[in-house]
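This report looks at how one helix is placed among its neighbours, and then at the backbone of some loop residues.

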Amino acid sequence: MNDACMDYPNNIRKHDRIQMEIVSTLRNIGIEAIQEYAGKGWRADVFVPNNGKPIAFEIQLSPQSLRKTIERQSKYIRDGIIGCWLFENPISKLNEERPDLPVFFVEDNKDLNLFVNLGDRRIVDLHAFLENFISNNIQFKGVAKTKTKQLVNLVFYEMECWKCQEMNHLFYVDSIFYSACNAQIRPHEALWESNSMEYRPEIIELAQKFIESRKDLDLKLGKIKNRFSNTIKNSYTSFGCYKCDIIFGDFHVMEAKNDMMYEPKRLTYQGEIELKEGIELPIHHWCFPDNKQFCNEK
């Protein structure tokens with residue numbers, strides 16, 4: 001039986017179980033792994049001495065402050081060791097992923113299978129995580145490149161024109177997007193080069209496709225284009241009235257959107273878009289691509 005798949009007694013401590021899983025997984029792929037290895041001012045739960053650059057795996061299930069984590073990590077950096085941390089809970093004040101502190105989150109399911117959450121963006125099996133981290137297939141990147149094909153959810157809602165009182169239909173994007181390495185990109189991070197994802201040509205095309213396919217709904221969507229705003233004395237891309245073409249200011253659009261976001265009955269449509277060009281976003285993340293092409297590579 002493969003050691004990495006062995007069953008452990010139900011009463012074994014979670015820390016010990018994770019430690020044993022790490023050791024057995026690494027040994028099964030021919031990597032030397034030592035439990036409870038002591039160095040100069042540090043003690044690693046699992047130490048990998050001979051893998052190009054030594055690696056210390058730390059399993060941290062009890063709370064530990066960011067200050068204390070950095071203090072302990074500095075000893076590994078001093079000794080030329082990669083310190084890889086597996087926490088059970090988020091670290092207070094750690095607001096973004098950082099290259100000098102490989103922090104990941106270990107969790108289990110009802111069957112006690114262990115998984116690793118890469119910075120709350122992607123979850124992978126513990127064994128796959130270890131094999132790929134050891135092989136340098138998980139690297140820190142400062143940008144996230146969008147995946148070409150994305151599954152998008154559109155939510156349609158009503159807004160009355162402030163000038164002619166005609167009822168219009170607007171929409172917003174309610175989707176998590178994905179980078180080329182399958183890391184999650186949250187809606188507020190994916191605003192791209194305009195103020196709204198809804199103004200992307202691929203998104204507009206998807207909305208129009210739905211409207212054309214459901215003429216029975218009689219959706220009234222005005223043209224999304226550049227319009228002049230008397231309020232800010234400038235032009236910008238906006239929603240507008242389908243009948244009189246007056247601009248719908250961003251503030252009023254947001255108000256109408258917020259009024260209906262928690263309505264139990266919402267008109268939604270899901271469809272796939274293909275981005276005409278890859279878009280790089282300044283999102284720090286631990287990149288784990290399926291095809292070994294990292295987010296910063298052309």
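## Helix α5 and two loop lysines

In helix α5, which spans residues 250-260, the buried residues are Val253, Ala256, Lys257 and Met260. Because they cover an arc of only 100° around the axis, they lie on the same side of α5; the arc is that of the directions from the helix axis to the C-beta atoms. On the other side of α5, Phe251 and Asp259 are exposed. Here buried means under 20% relative accessible area, exposed means over 50%, and partly exposed is in between, with a 1.4 Å probe and protein chains only. Helices (H or I, at least four residues) and strands (E, at least two) are DSSP runs, numbered from the N terminus.

This is a predicted model, in which local features need pLDDT of at least 70 and side-chain atom pairs count only at pLDDT 80 or more, while totals for chains, interfaces and linings use all residues. Residues are numbered from 1 along each chain as its sequence is written, and side-chain values use heavy atoms, with hydrogens and water left out.

What do the buried residues of α5 pack against? They pack against β10 (149-160), β11 (167-173), β15 (234-240) and β16 (247-248), where contact means heavy atoms within 4.5 Å.

Turning to the loops, Lys93 is not a glycine, although its phi is positive, and Lys233, also a residue other than glycine, has a positive phi as well.

| Residue | Phi | Loop | Relative accessibility |
|---|---|---|---|
| Lys93 | about 75° | between β4 (82-87) and β5 (103-108) | 69%, exposed |
| Lys233 | near 55° | between β14 (225-229) and β15 | 58%, exposed |
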